[in-house]
Amino acid sequence: MQTASSAENRIFQALADPSRRAIFESLTRGEAAVKDLKAQFDISQPAISQHLAALKDAGLVNNRREGRLVYYRVEPRGLKPLIDWITHYRAFWTEHIGRLEKLLETMDE
Amino acid sequence: MSLSDKTVPSQTEAIAFRIELRHPPEKVWRALTDPDLLAQWLLPTTGFALEPGGAFTLQAPPQPGWDGTVNCRLVEIEPLRKLRYTWVVGDIETVVTFTLAPTESGTALSVVQSGFKPDQKQNFGGARYGWKMMGGRLIDLLARSA
């Protein structure tokens, strides 16, 4: 278990929304401009921009400007707090489920 | 008995275990719901009562910056089949689900911890906690970026 951290919480919140998750997942397949994403999802351009801003705030995506277009791409290092969190809890449950198995052996039927 | 970590890339849940136990569901359920037994395998509890909406805490060893308290609330109780409670540490809110299924030799127990949308707090019953990892893709990405 680890100390509360708003970095992890921001990632959780950003990925909790199904539309944002879908946009993020799409970006894992490659860089895209807002108009590319609009063509792909049935969401308005302002809504897409809002989702991208939330993903960027969580450190999950980055962007670059090219002429009039802004391209978004996944920022892989942004996932590290989440991966660390998951790694931690996998170890936690592995250990405690092991204890549960031992306890069951000693319990009365 | 075997403990298998199901969190391989093909799985969608970030933290999911499935364990085959040579003990009947009644006994496993007792270990999951009796405060004295919980203290022996999980963590010491305070205020645990098996009723929907019941709040309780789990006490882990304190660490710098965290007093070790896990705040929980029971959101689903299906005797001998399913137990689900929220698991809140600081501002990180997740939900833990235990599912029991009888087998010929005992019980198949699944343990899943997943995130959920904070603003669905008021709507536990119908809410889908649907936060899922997108398979192993995220971990692949992190590996590739190294």
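# A tour of chains A and B

Before selecting anything, take one figure for chain A: among contacts between residues at least 6 apart in sequence, 54% join residues at least 24 apart. Keep in mind throughout that this is a predicted model.

**Stop 1: chain A as a whole.** Select chain A and colour by secondary structure. Five helices and three strands should appear. Starting at the N terminus, their order is α-α-β-α-α-β-β-α. The radius of gyration of chain A is 19 Å, whereas the globule rule gives 13 Å for 109 residues, so chain A is more spread out than a compact globule. Turn the view to the principal axes: along them, the C-alpha atoms of chain A fill a box of roughly 70 × 25 × 20 Å. Of the 109 residues in this chain, 28% count as buried.

**Stop 2: helix H2 of chain A.** Select residues 18-27 of chain A, which make up helix H2. Which residues of helix H2 are buried? Show side chains for Arg20(A), Ile23(A), Phe24(A) and Leu27(A), the buried residues of this helix. Now look down the axis of H2(A): these residues cover an arc of only 100° around it, which puts them on the same side of the helix. The general background is that an α-helix has 3.6 residues a turn, so residues three or four places apart point the same way.

**Stop 3: Ile48 of chain A.** Next, select residues 45-57 of chain A, helix H4, and pick out Ile48(A) within that helix. Is Ile48(A) buried or exposed? Ile48(A) is buried, because 21 other C-beta atoms lie within 10 Å, and the cut-off for a buried residue is 20 or more.

To see what surrounds Ile48(A), set aside its neighbours within four places in sequence and display its contacts: Ile23(A), Val34(A), Leu37(A), Lys38(A), Phe41(A) and Ile43(A). One of these, Ile23(A), was already on display at the previous stop as a buried residue of helix H2.

Then draw a distance from the C-alpha atom of Ile48(A) to that of Ser19(A); the viewer should give 8.7 Å, for two residues that are 29 apart along the chain.

**Stop 4: chain B.** Hide chain A and select chain B. How many helices and strands does chain B have? There are three helices and eight strands. Follow the sequence and the pattern reads β-β-α-α-β-β-β-β-β-β-α. Chain B has 146 residues, of which 24% count as buried. Among its contacts between residues at least 6 apart in sequence, 32% join residues at least 24 apart.

Technical notes. Residues numbered from 1 in each chain as written. Chains lettered and ligands numbered in written order. Predicted model: local features only at pLDDT ≥ 70, side-chain atom pairs only at ≥ 80, totals over all residues. Helix = DSSP H or I, 4+ residues; strand = E, 2+ residues; numbered from the N terminus. Rg over C-alpha atoms; globule rule 2.2 N^0.38 Å. Buried ≥ 20, exposed ≤ 12 C-beta atoms within 10 Å, placed from the backbone. Contact = placed C-beta atoms within 7 Å. Arc of directions from axis to C-beta.
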